[in-house]
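Biologist: Could you take a close look at one part of this model for me? I'd like the details of a single helix and what it pairs with.

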Amino acid sequence: MPLAEHLRELRDRLLKAVLAIVVGTVAAAFFYDQLLDFLTVPYFQAVETLEENGQDINEALTFSGIADPFTFALKISLVAGLVVSSPFWLYQIWAYIVPALHRNERRWTILFCAIAGPLFIIGFITGYLVLPKGIELLMGFTPDFASNFNALPDYLAFVLRILLVFSVAFEIPLFVVLLNAMGAVSGRQLASSRAWIILATFIFAAIATPSTDPLTMIVLALPMTLLFLIAEAIAHLVDRRRAKREAAEGLAVADDEMSEITVEHDLADDRPSDLDEPDDPRPAP
């Protein structure tokens with residue numbers, strides 16, 4: 001396709017994706033009350049737990065401006081619209097890219113999408129389940145003489161960050177498997193760096209989670225570590241299958257062994273050519 005056709009195709013795909021997001025946002029606006037309850041349940045669970053433990057905090061979720069309730073409703077509807085319409089606009093991205101992919105690349109991309117979706121959802125659910133504990137710990141530092149008033153937009157940003165961190169973190173082992181499938185990293189390399197990777201996983205969990213409690217860090221780091229070990233095992237299996245296939249095709253060559261092409265080339269150089277003239281046995285005058 002010429003460049004103009006590519007740009008026209010990109011424009012059409014983007015328009016369809018934006019239209020899907022707008023429709024999803026409008027539809028989500030009708031469920032604003034349910035979405036608001038879903039987002040604030042962890043907060044009220046944390047407050048209830050603190051009160052049961054004897055810590056009475058003067059707390060409240062607040063707005064700081066006249067227009068804040070309206071803009072907050074728009075933000076929640078937009079986020080929900082992005083999530084609801086994600087299958088459609090992701091398909092538009094896929095439909096624009098897929099003509100340029102080879103068959104093998106399409107297969108790996110489809111496999112990636114099939115696994116990435118469930119992992120993202122599992123990470124989202126895990127983050128939502130640990131939210132009450134993280135909020136409880138952070139609000140527990142409030143002194144008795146102080147009140148804890150939280151602006152709803154700031155609270156929404158905090159919740160979305162937790163959910164996004166958990167969702168994306170659960171995708172990292174999948175990228176490890178894809179790198180191994182492309183030959184960029186081997187199972188042996190992953191095994192030799194296992195200790196450092198696990199340490200980096202816990203450091204990432206400690207930095208990425210907004211709350212400072214060790215429970216949230218552990219809840220994020222342990223599943224990531226388990227998923228990495230599974231990815232390492234898959235990498236070893238892929239390496240073995242690749243080695244067997246290359247050996248069967250005669251492609252596996254040791255580091256200290258000459259390839260067949262090199263051997264044939266060297267032997268061809270040693271064979272006399274019909275064009276070479278024999279040496280004259282007679283002595284030179």
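Here is a walk around one helix and its salt-bridge partner.

Modeller: Sure, let's take helix 9. Before that, some housekeeping: this is a predicted model, where local features need pLDDT of at least 70, side-chain atom pairs count only at pLDDT 80 or more, and totals for chains, interfaces and linings use all residues. Residues are numbered from 1 along each chain as its sequence is written, and side-chain values use heavy atoms, with hydrogens and water left out.

Helix 9 runs over residues 194–208; helices here are DSSP runs (H or I, at least four residues), numbered from the N terminus. Its 15 residues should span 21 Å at 1.5 Å a residue, and the end C-alpha atoms are indeed 21 Å apart, so the two agree. That expected span is 1.5 Å times one less than the number of residues.

Now for its two faces. Thr 201, Ala 205 and Ala 208 are buried, where buried means under 20% relative accessible area, exposed over 50% and partly exposed in between (1.4 Å probe, protein chains only). Those three cover an arc of only 80 degrees around the axis, which puts them on the same side of helix 9; the arc is taken from the directions from the helix axis to the C-beta atoms. On the other side, Ala 195, Trp 196 and Ile 207 are exposed. The cover over the buried residues includes helix 6 (152–169) and helix 10 (214–248), going by contact, meaning heavy atoms within 4.5 Å.

Helix 10 comes up again in a salt bridge (a side-chain nitrogen of Lys or Arg within 4 Å of a carboxyl oxygen of Asp or Glu). Arg 194 pairs with Glu 232, and their closest N and O atoms are 2.5 Å apart. Because Glu 232 sits in helix 10 and Arg 194 in helix 9, the pair ties together parts that are 38 residues apart in sequence. The partners differ in exposure: Glu 232 is buried, with a relative accessible area of 5%, while Arg 194 is partly exposed at 33% relative accessibility.

Helix 10 also has a bridge of its own, with the side chains of Asp 239 and Arg 242 meeting at 3.0 Å, N to O. Those two are three residues apart in helix 10, so about one helical turn separates them. Asp 239 and Arg 242 are both buried. In total, the structure holds five salt bridges.
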